[in-house]
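Reader: Hi! I'm new to looking at protein models, and I'd love a close look at just one part of this one. Could you walk me through it slowly?

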Amino acid sequence: MTEAKLISALNEENLSHLSKTYVPSRLLLGPGPSNAHPEVLKALSLNPIGHLDEAYISLMSDVQKLLRYTWQCNNRVTLPMSGTGSAAMEASIANFIEDGEKILIAKKGYFGDRLVDMANRYKAQVDVIEKPWGEAFSYEEIKYEIETKKPAIFAIVHAETSSGVLQPLNGIGDICRKNNCLFLVDAVTSLGALELLIDDWKIDLAYSCSQKGLSCPPGLSPFTMNNRAEEKLSSRKTKVPNWYLDLSLLNKYWGSDRVYHHTAPVNMNFAIREGLRLIANEGLENVWNRHNANAKKLWKGLESLGMELHVSEDYRLPTLTTVKIPPAVDGDGFRNHLLRNFGIEIGNGLGELSGKVWRVGLMGFNSCDENVDRLLNLFDTELKKFSIFESSTF
Ligand SMILES: Cc1ncc(COP(=O)(O)O)c(C=O)c1O
């Protein structure tokens, strides 16, 4: 190779003298990622082994068993996809939509919009029902829409991270079965944190992520589907138009064949095994109770400081609270102050709620009493420094 053609690290900003990778310490109390559990980080730092090594195959089986427990299902096809939550979201669309297939999407925030975008890209016939960001759909509304629109798939986000709404799901599975429709649920901000009963609620397919309730870094997206979804998949007339996310191919690796599809991100699977093991060790119901109790404490504390919450308590999401930014407060200033001076991240509002709310997350390992106290204390002592008008109160 001629030296002239080599783009030299030495000439480009002196790259050879960069310091070792350094990451500041942060407490992530935003919409995600959340902090990983220290035991998860230990697992992540183990040396990789081969993705067909028998020790790894055995670890894969553990991950699948633990996922079935955390999803509360007996589904054969239950696996962590390589990629963040959006990967399994896209798999849920790519595998179950054929050209012109009718999907009904109940949209009440930013992630409903993402489902609509994906379904359009896969050439579905998309019907959308909408709610303002901050509200949930009622059982009757969903029943009416499914019965009149007769979609092949009904999709809804369980925990809308953009608005802070928890969508009740009980009963929708029965409506879907009566109307010969698959029930698809986005559980990115609920799996491993909030009550979610895949079998009992008759959810046919669902996806999530690793970086919230499971206390892992981002990188994997748990997915599960039942026999109804398997039947729909096997009745496809055309090939799944996405090779990487083709569930039949993926299941040859995660199912009994254990045939190579792509090189698994083995360390992320070490990590998720550990995150899931910690959940099983604590007990799923204890995990749900912990998230509910810490969220309630946060809500009470914020309200007693004069803050207003965006979502009514009936539909408020314990993993992600949307807090109205008082009109007299520099919202970005406060958020940046928490990050720069206290190492604490809270989120800005997303989409139409940008600049109107802060998003406070209590997920997985981070859902603890101490973090709630710390944040409430900072709202109490620091927020007043960001008042736009000298004498204003919130
Ligand atoms: C409800 C919901 N769905 C989907 C996603 C997309 O997941 P990811 O960003 O991991 O790709 C997110 C991300 O936060 C989310 O909150």
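At what angle do helix H11 and helix H12 pack, and how far apart are their axes?

Author: Sure, let's zoom in on that pair, keeping in mind that this is a predicted model. Helix H11 covers residues 331-342, and helix H12 covers residues 369-382. The two pack at an angle of about 120°, and their axes are 12 Å apart. If you're wondering about the handedness, H11 and H12 cross in a right-handed way.

Now for who touches whom. On the H11 side, you'll find Phe334, His337, Leu338 and Phe342. Facing them from H12 are Arg374, Leu375, Leu378, Phe379 and Glu382. Sort the residues of this contact by class and you get 6 nonpolar, 1 polar and 2 charged.

Once you've got that picture, here are some other spots to click on. In helix H1, which spans residues 38-44, the side chains of Glu39 and Lys42 form a salt bridge, with N to O at 3.1 Å. Why are these two about one helical turn apart? Because they sit 3 residues apart in H1. Across the whole structure, a search turns up 21 salt bridges.

Step back to the loop between strand E1 (27-28) and H1, and you'll meet Pro33. The peptide bond leading from Gly32 into Pro33 is cis, with omega near 5°.

Another loop, between helix H6 (172-178) and strand E8 (182-186), holds Asn180. Asn180 isn't a glycine, yet its phi is positive, near 55°.

Last stop: the surface. Leu52, Val259 and Tyr260 make a nonpolar patch of about 290 Å² there. To find Tyr260, look in the loop between helix H8 (247-254) and helix H9 (266-282).

How values were computed. Residues numbered from 1 in each chain as written. Predicted model: local features only at pLDDT ≥ 70, side-chain atom pairs only at ≥ 80, totals over all residues. Heavy atoms only, no water. Patch = residues over 30% accessible without salt bridge, like charges linked within 9 Å, V, L, I, M, F, W, Y side chains within 5 Å. Areas by Shrake-Rupley, 256 points an atom, 1.4 Å probe, with all protein chains shown as cover. Salt bridge = Lys/Arg side-chain N within 4 Å of Asp/Glu carboxyl O. Helix = DSSP H or I, 4+ residues; strand = E, 2+ residues; numbered from the N terminus. Axes fitted to C-alpha atoms, helices over the stretch in contact; angles between N-to-C directions. Left-handed = near helix turned anticlockwise from the far one by under 90°. Contact = heavy atoms within 4.5 Å. Nonpolar A, V, L, I, M, F, W, Y, C, P; charged D, E, K, R; others polar.
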